[in-house]
Amino acid sequence: MPQFKNIVILTGAGLSAESGLGTFRDVDGIWTKYDLNEVATPEGFAANPKKVHDFYNARRRGVKAAKPNAAHHALAKLEKEFDGKTLLVTQNIDRLLERAGAENIIHMHGELLKALCRTCGGRHIWEDDMSTESQCIECYDNGSVRPDVVWFGEMPYEMERIMEALEACDLFISIGTSGTVYPAAGFVAEALHAGAHTVELNLEPSEGVSLFNETIHGPATEIVPAYIETLLNKK
Ligand code: BV8
């Protein structure tokens with residue numbers, strides 16, 4: 001395997017599955033229990049903000065109780081020990097990569113432990129339940145805050161920085177994502193176009209599996225630490 005110098009890693013809900021956080025499209029996934037149009041779109045929030053707050057309050061409690069698993073820790077170790085550049089681009093809205101010690105992370109779909117104020121545009125840490133009466137801690141407007149997550153139909157965060165990183169990378173690793181949600185699902189094609197080696201680490205083949213040079217299937221807590229060991233031990 002060649003010596004890589006610039007790694008971009010995309011992660012999805014499968015990375016946090018073994019920490020007890022639900023995935024979306026697996027057999028008992030979140031979107032089998034909730035209609036995403038009602039709880040993960042601006043229109044759904046406008047129609048019934050209480051329903052959306054209840055949905056995210058339950059997930060926020062789960063995120064706070066969850067612990068990083070061996071895959072999160074392996075990614076933090078890669079970031080520390082790899083003698084090149086690494087960028088973690090996560091679709092997940094938990095903070096398990098940070099809690100495992102990773103630092104260079106882009107939360108392209110936002111963060112559940114942050115609030116976004118629709119009045120002043122302020123973003124700040126928010127770890128408690130949120131409601132239609134919650135007050136923005138910056139402008140003190142009541143009822144103006146929403147979870148700082150990217151809903152369907154909204155532009156993911158830091159897309160320019162992500163595209164630049166994909167153009168410059170020589171290794172693209174996709175972990176725990178079904179490859180169904182765009183623009184994230186299109187990143188592997190960008191990396192391939194940039195000449196990167198592409199690797200899928202997932203429980204089962206994703207929708208984009210044919211675009212990966214290398215695919216390893218199994219639970220993240222087993223295949224991610226093993227793959228990262230090979231990367232770090234490569235001479
Ligand atoms: C955009 C955040 C444009 C909140 C999420 C019609 C109208 C509007 C838009 C569209 C449309 N048609 C298509 C679109 C685009 C749309 C889209 O892609 N829709 C899909 C459904 C077709 N995308 C968007 O709307 C995006 N925005 O396009 O904006 C725009 C342009 C200009 C100006 C303004 C706007 C925004 C998408 C972001 C939506 N937000 N979530 C929240 O989390 O509640 S999406 C949601 O899906 C999560 O973020 C999640 O991370 C993401 C992707 O899912 P995965 O992470 O892949 O999870 P999934 O369950 O699917 O798969 C898990 C995988 O893990 C599986 O493969 C499984 O095998 C594996 N696994 C399970 N266990 C393990 C495991 N692997 C390893 N180990 C295990 N133990």
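A polar contact is a pair of N or O atoms within 3.5 Å; within protein, one must be able to donate a hydrogen and the other to accept it, and residues adjacent in sequence count only if both atoms are side-chain atoms. One such contact, of 2.9 Å, joins the side chains of Gln 91 and Thr 177. This is a predicted model, in which local features need pLDDT of at least 70, side-chain atom pairs count only at pLDDT 80 or more, and totals for chains, interfaces and linings use all residues. Residues are numbered from 1 along each chain as its sequence is written, and side-chain values use heavy atoms, with hydrogens and water left out.

**Around Gln 91 and Ala 184**

Gln 91 sits in the loop between S2 and helix H7 (96-99). Helices (H or I, at least four residues) and strands (E, at least two) are DSSP runs, numbered from the N terminus. Gln 91 counts as buried because its relative accessibility is 12%; the classes are buried under 20% relative accessible area, exposed over 50% and partly exposed in between (1.4 Å probe, protein chains only). Contact means heavy atoms within 4.5 Å. Beyond four places in sequence, Gln 91 is in contact with Leu 10, Thr 11, Gly 12, Met 108, His 109, Thr 177, Val 181 and Ala 184.

Ala 184 is in the loop between S7 and helix H9 (187-193). Its relative accessibility is 3%, so Ala 184 is buried. Setting aside neighbours within four places in sequence, Ala 184 is in contact with Leu 10, Gln 91 and Met 108. Ala 184 and Met 108 are 76 residues apart in sequence, yet 8.6 Å apart C-alpha to C-alpha. Pro 183 is found in the loop between S7 and H9. The peptide bond from Tyr 182 to Pro 183 is cis, with omega near 0 degrees.

**Positive phi**

Two non-glycine residues have positive phi:

| Residue | Phi | Loop | Relative accessible area |
|---|---|---|---|
| Tyr 140 | about 65 degrees | between strand S5 (123-125) and strand S6 (145-149) | 55%, exposed |
| Glu 158 | near 55 degrees | between S6 and H8 | 41%, partly exposed |

**Nonpolar cores**

A nonpolar core is a set of buried Ala, Val, Leu, Ile, Met, Phe, Trp, Tyr and Cys residues joined through side-chain atoms within 4.5 Å. The largest has 27 residues, and Leu 75, Ile 173 and Val 224 have the most contacts inside it. Elements giving two or more residues to this core are S1, helix H6 (70-81), strand S7 (171-175), strand S8 (197-202) and helix H10 (220-233). H10 gives the most, with seven residues. Val 224 touches Ala 71, Ala 74, Leu 75, Ile 175 and Leu 201, not counting residues up to four places away in sequence. Apart from the largest core lies another, of 18 residues, among them Val 8, Met 159, Ile 162 and Phe 172.

**A pocket**

On a 1 Å grid over the protein atoms alone, a pocket is an open set of points where a 1.4 Å probe fits, with protein on both sides within 12 Å along at least five of seven lines; lining residues have an atom within 4 Å of a point. The second largest pocket has a volume of about 210 Å³. Strand S1 (6-11), strand S2 (85-90) and helix H8 (159-168) each give two or more residues to its lining. H8 gives the most, with four residues. Lining residues include Asn 6, Lys 85, Arg 161 and Glu 164.

Definitions and conventions
Grid points are joined across faces, edges and corners, and a volume is the space filled by probe spheres set on the points.
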